[in-house]
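Hi,

Here is the structure I promised to send over. Have a look at it first, and then read on for what I found in it.

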Amino acid sequence: MRFASLSARRIPDPRALFASGAALFAALAAGPARADGFPRPGQMTFEEAVTPIAHEIHAFHDFILLPIIVGICLFVLALLGWIYFRYNENKNPVATTTTHNSLLEVAWTVLPVMILVIIAIPSFRLLTHQLVIPPADITVKATGKQWFWTYDYPKDQGGGFSFDSYLIPESDLKPGDIRQLSVDNEAVVPVGKVVHMLVTGSDVIHSFTIPSFGIRIDAVPGRMNETWFKAEREGIYYGQCSKLCGKDHAYMPIAIRVVSPEQYSAWLASAAKKFAANNSESVKLANNATSAGDIGETR
Ligand SMILES: [Cu+2]
């Protein structure tokens, strides 16, 4: 009897199953909300794209997934079905002894090569767009540390300060904050401007990643990596360190607040005062500085 009652309890209630299925369907139909960049519970597919690179990544993904992967899967499935129904033992009792067919062999070599070339063209184009940084409007340096991020704003662009950005612990979250993603000091950038991100690490390798911007770049100690983004919409966009970097790897989120150019200027002025104690003379960057040698470590 005891076993019977235990197993009875494991049978899911069909009404609960239907309700959760309906909730999932509603969430999928609604899609990601047009708010800031962070993952929603039950979300499928990517976070919303808000930079030209992120749009291009999504388009490249859709191009590979729909015509190419789905097409190949359906083609192989059709071949399997054809063989299964046409050449089974009942319908084709005497198997052919054919072993070579030059036309077929050339075709199944050349066609996959052509498919790879078709994939390579947009792939290399996307890589070029990611790696060739357009003329930058502002430069921001992010330094990965165990386990937080430090942002530097160069003096010749109205900055000349740096600050640390820490996760807000769960016990201190306020309404509107996002668990595991909200930070005490967000990095702020203007909307519609090309932001040149310099990324480095100060202890171990971290990785600076913001899905909505389509950027991910390693933060390597002793090396200055660079990437760029141009946010198309205001909001707060979140990411997480994406390199296993130690015990608090999961607790060093990245939060970028995208604001209007006027708000950005106001923030620069207030942040310069607020973080004056962190003021560092070594943070001097030319607008389009690409040489790691120009940028001193700030601590
Ligand atoms: Cu990390």
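**What I found**

Let's start in the middle of a sheet: A142 stands opposite V199 in β5. That pair belongs to a parallel pairing, in which strand β1 (residues 138-145) and strand β5 (residues 195-201) are joined by seven bridges. Bear in mind throughout that this is a predicted model.

The sheet around them is an open one of five strands, ordered β3-β2-β1-β5-β8, with mixed pairing. At its edges are β3 (161-165) and β8 (225-229), each of which pairs on one side only. Ignoring direction, neighbouring strands here are turned against each other by 25 degrees on average. As a reminder, strands of a sheet pair through backbone hydrogen bonds, in either a parallel or an antiparallel way.

Staying with edge strand β3 for a moment, F161 lies in it. Is F161 buried or exposed? With 23 other C-beta atoms within 10 Å, F161 is buried, because the cut-off for that is 20 or more. The C-alpha atom of F161 is also 8.3 Å from that of A277, although 116 residues separate the two along the chain.

**The second sheet**

There is also an open sheet of three strands, in the order β4-β10-β9, again with mixed pairing. Its edges are β4 (187-190) and β9 (235-240); each has a single partner strand, so one side of each has no neighbour in the sheet. From one strand to the next, the twist averages 25 degrees.

β4 and strand β10 (residues 253-259) run parallel and are joined by four bridges. If you want a pair to click on, take V188, whose bridge partner in β10 is R257. Helix α5 (residues 261-274) packs on this sheet and touches both β4 and β10. The direction of α5 makes about 140 degrees with that of β4.

**The helix pair**

Next, have a look at helix α3 (residues 52-86) and helix α4 (residues 102-131). Their axes come within 10 Å and cross at roughly 170 degrees. α3 and α4 are therefore roughly antiparallel to each other, since angles over 145 degrees count that way.

Which residues of α3 and α4 make the contact? On the α3 side they are I53, E56, I57, F60, F63, I64 and I68. α4 contributes I115, I119, P122, S123, L126, H129 and Q130. Sorted by class, the contact of α3 with α4 comes to 10 nonpolar, three polar and one charged residues.

**The chain overall, and where to be careful**

In total, the protein chain has five helices and 10 strands. Of its 299 residues, 25% count as buried. Taking contacts between residues at least 6 apart in sequence, 66% join residues at least 24 apart.

On confidence, the chain averages a pLDDT of 85, and 81% of the residues score at least 70. Residues 24-35 have a pLDDT below 50, and that stretch has 10 contacts in the model beyond near neighbours in sequence. Over residues 281-299 the pLDDT stays under 50 too. For residues 281-299 the model has 33 contacts beyond four places in sequence. Where pLDDT is low, the predicted coordinates should not be read in detail.

Cheers

Conventions:
Residues numbered from 1 in each chain as written. Predicted model: local features only at pLDDT ≥ 70, side-chain atom pairs only at ≥ 80, totals over all residues. Pairing = 2+ DSSP bridges. Helix = DSSP H or I, 4+ residues; strand = E, 2+ residues; numbered from the N terminus. Axes fitted to C-alpha atoms, helices over the stretch in contact; angles between N-to-C directions. Contact = placed C-beta atoms within 7 Å. pLDDT = per-residue confidence, 0-100. Buried ≥ 20, exposed ≤ 12 C-beta atoms within 10 Å, placed from the backbone. Parallel < 35°, antiparallel > 145°, perpendicular 65-115°, else oblique. Nonpolar A, V, L, I, M, F, W, Y, C, P; charged D, E, K, R; others polar.
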